[in-house]
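Here is a guided walk through one protein chain. Have the sequence and the 3D view open as you read.

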Amino acid sequence: MTRAFLIVLDSAGIGGAPDAGAFFNADAETGARVPDAGANTIGHIAEACAAGRAEVGRTGPLQMPNLDRLGLGAAIGLASGLNAPGLGARPEGLWGAATEVSRGKDTPSGHWEIAGVPLPWDWHYFPERENSLPADLIARIARAAGTEGVLGNCHASGTEIVERLGAEHLRTGWPICYTSADSVVQIAAHEQAFGLNRLLKLCRAIAPELHAMRVGRVIARPFTGRPGAFVRTPNRRDFAMAPPAPTLLDRAQAEGHVTHAIGKIGDIFSHRGIDHLLKGPDDAALMGHLRRLATEAEPGSLTFANFVEFDSLWGHRRDVSGYARALEWFDAEAGAFMAALGPGDLAIFTADHGNDPTFAGTDHTRERVPVLGCGLGLKPVGQVGYVDIAASVAAHLGLAPAGPGRSFLD
């Protein structure tokens with residue numbers, strides 16, 4: 001039996017989403033809403049590298065020879081019409097571009113649809129940048145925390161708000177609550193002073209109420225350190241809504257295939273359909289799991305991996321050099337991973353949304369995503385849907401047809 005590896009480069013979009021103009025970022029200086037039309041995460045990083053604007057810790061044009069050999073540059077051109085500098089290899093693998101239909105540019109929407117379940121509702125958002133959460137919800141969070149109130153209650157970057165309010169959090173003991181353009185409530189607290197278990201208990205307690213409001217995730221964001229030197233820890237935990245229908249993971253497990261989840265996949269899918277969950281403090285550790293599974297995963301197994309640091313460390317922080325370094329590191333590691341695959345294995349590299357570090361604001365960007373495959377030789381698949389990725393992996397594993405997607409392996 002052949003194996004399948006579905007690998008998500010979190011936020012590595014390639015532009016061209018036909019409805020990008022209906023999604024927005026907030027300008028960092030004016031707060032004005034800027035449509036996502038024109039965002040292109042990898043394409044704009046490649047342009048910045050070629051122009052010498054991404055020289056911190058690296059230099060020169062963007063170097064991604066392994067994924068480009070599969071068809072990355074060609075996929076960018078297909079998605080958005082951009083001729084990305086440095087990514088001009090003639091494709092040798094499966095390549096195309098995928099378009100999302102779910103009304104969201106967030107992690108659950110993208111991953112669920114990649115796994116064959118488009119979002120059947122609109123998420124609930126908190127659009128006000130200050131006093132974002134309603135007073136009655138804030139009161140219930142404080143009551144669940146055992147405190148007289150909370151800090152923050154605004155749109156914020158996680159690292160910024162911890163730096164700004166961390167000292168007050170240590171003084172008062174109040175949790176730090178914040179949100180973003182995503183359907184999410186995040187709660188940050190000091191692992192020692194507040195307590196990691198207490199933070200997880202708080203988030204677990206309020207998650208059902210927020211899920212009932214169609215808020216996609218409650219995220220526990222623990223940190224350590226002291227004022228001026230706070231550091232977020234790897235003990236983040238997402239309390240996400242469960243997908244509304246069986247996903248690719250559920251279907252594979254139900255038909256007797258072993259499933260491995262790497263990174264955030266367990267949280268994103270509410271730990272459903274997963275036999276083995278592998279986590280780690282950073283993407284380097286997650287890559288170690290993926291490379292090990294290239295040689296050790298069972299015949300017929302499905303491995304579903306998410307590499308989050310493109311998004312969390314570089315996209316949201318609008319760090320072009322950092323994102324470019326991460327892409328080049330991943331590409332080198334992906335080359336070694338692909339070399340370890342066996343006959344009949346299929347590996348698909350894709351993304352869940354964009355997060356263009358050259359764009360306005362600090363939030364995700366609505367984009368098409370690459371679909372790059374290793375194991376089937378040259379196979380241009382053109383413009384496909386996110387759900388077609390699930391249908392194709394299912395077909396490769398011999399699963400019974402289900403869901404809205406159509407395999408592009410035929």
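What follows goes from the annotated span to the core, then to a cavity, the binding sites and a few single residues. Keep in mind that the model is predicted.

Start with the record. An unreviewed UniProt entry lists residues 3-398 as "domain: Metalloenzyme". In the model, 37% of that span is helix and 20% is strand. The C-alpha atoms at its two ends lie 10 Å apart.

Now go inside. The largest nonpolar core holds 86 residues. Which of them touch the most other members? They are Leu62, Leu67, Phe330, Phe337 and Phe349. Helix α12, residues 320-339, supplies the largest share of this core, with nine residues. Another core lies apart from it and has 24 residues. Ala145, Ile187, Ile206 and Ala220 are among them.

Leu67 is a good residue to center on. It sits in helix α2, which runs over residues 65-70. Is Leu67 buried or exposed? Its relative accessible area is 2%, under the 20% cut-off, so Leu67 counts as buried. Leaving out residues up to four places away in sequence, Leu67 touches Leu9, Leu72, Phe330, Asp331, Ala334, Phe349 and Leu372. Leu67 also shows how the fold brings remote parts of the sequence together. Leu67 and Ala332 are 265 residues apart in sequence. Their C-alpha atoms are 9.1 Å apart in space.

Next, look for empty space. Rolling a probe the size of a water molecule over the atoms shows where such space is left. How many cavities of 30 Å³ or more does a search of the whole structure find? It finds one. The largest cavity has a volume of about 50 Å³. Its lining is made of Leu9, Ala12, Ile42, Met64, Leu67, Leu72, Phe349, Thr350, Pro370 and Leu372. Strands β14 (346-350) and β15 (369-374) are the elements that give two or more residues to this lining. By type, nine lining residues are nonpolar, one is polar and none is charged. Leu67 therefore has two roles in this tour: it is a buried residue, and it is part of the cavity lining.

Turn to the binding sites. The unreviewed UniProt entry marks Asp10, Asp352 and His353 as "binding site". These residues are spread over 344 residues of sequence, yet they cluster in space. The largest C-alpha distance among them is 7.2 Å. Take Asp352 from this group. It is found in the loop between β14 and β15. Asp352 is buried, because its relative accessibility is 0%. Which residues does it contact, beyond neighbours within four places in sequence? They are Val8, Leu9, Asp10, Ser11, Glu100, Thr107, Gly110, His111, Ile114, Val369 and Tyr386. Asp10, from the "binding site" annotation, is thus one of the contacts of Asp352.

The same feature name, "binding site", is also placed by UniProt (unreviewed entry) at Asp311, His316 and His364. These three are spread over 54 residues of sequence and also cluster in space. Here the largest C-alpha distance is 8.3 Å. His316 lies in the loop between α11 (309-315) and α12. With a relative accessible area of 23%, His316 is partly exposed. Apart from neighbours within four places in sequence, His316 is in contact with Asp311, Asn355, Thr362, Asp363 and His364.Two residues stand out for their backbone. Most residues other than glycine have a negative phi. Ser11 has a positive phi of about 85° although it is not a glycine. Ser11 is found in the loop between β1 (4-9) and β2 (24-26), and it is buried, with a relative accessible area of 0%. Asn131 also has a positive phi, of about 50°, and is not a glycine. Asn131 lies in the loop between α4 (107-114) and α5 (135-145). Is Asn131 buried or exposed? Its relative accessible area is 63%, so Asn131 is exposed.

End at Thr303. It is found in strand β13, residues 302-307. Thr303 is buried, with a relative accessible area of 0%. Setting aside residues up to four places away in sequence, Thr303 touches Ala4, Phe5, Leu6, His260, Ile262, Leu290, Leu293 and Ala297.

How values were computed
Residues are numbered from 1 along each chain as its sequence is written. This is a predicted model: local features need pLDDT of at least 70, side-chain atom pairs count only at pLDDT 80 or more; totals for chains, interfaces and linings use all residues. Side-chain values use heavy atoms; hydrogens and water are left out. A nonpolar core is a set of buried Ala, Val, Leu, Ile, Met, Phe, Trp, Tyr and Cys residues joined through side-chain atoms within 4.5 Å. Buried means under 20% relative accessible area, exposed over 50%, partly exposed in between (1.4 Å probe, protein chains only). Helices (H or I, at least four residues) and strands (E, at least two) are DSSP runs, numbered from the N terminus. On a 1 Å grid over the protein atoms alone, a cavity is a set of points where a 1.4 Å probe fits but cannot get out, and a pocket is an open set with protein on both sides within 12 Å along at least five of seven lines; lining residues have an atom within 4 Å of a point. Grid points are joined across faces, edges and corners, and a volume is the space filled by probe spheres set on the points. Ala, Val, Leu, Ile, Met, Phe, Trp, Tyr, Cys and Pro count as nonpolar, Asp, Glu, Lys and Arg as charged, and the others, Gly among them, as polar. Contact means heavy atoms within 4.5 Å. UniProt positions are given in the numbering used here, feature names are shortened, and annotations may be inferred rather than shown by experiment.
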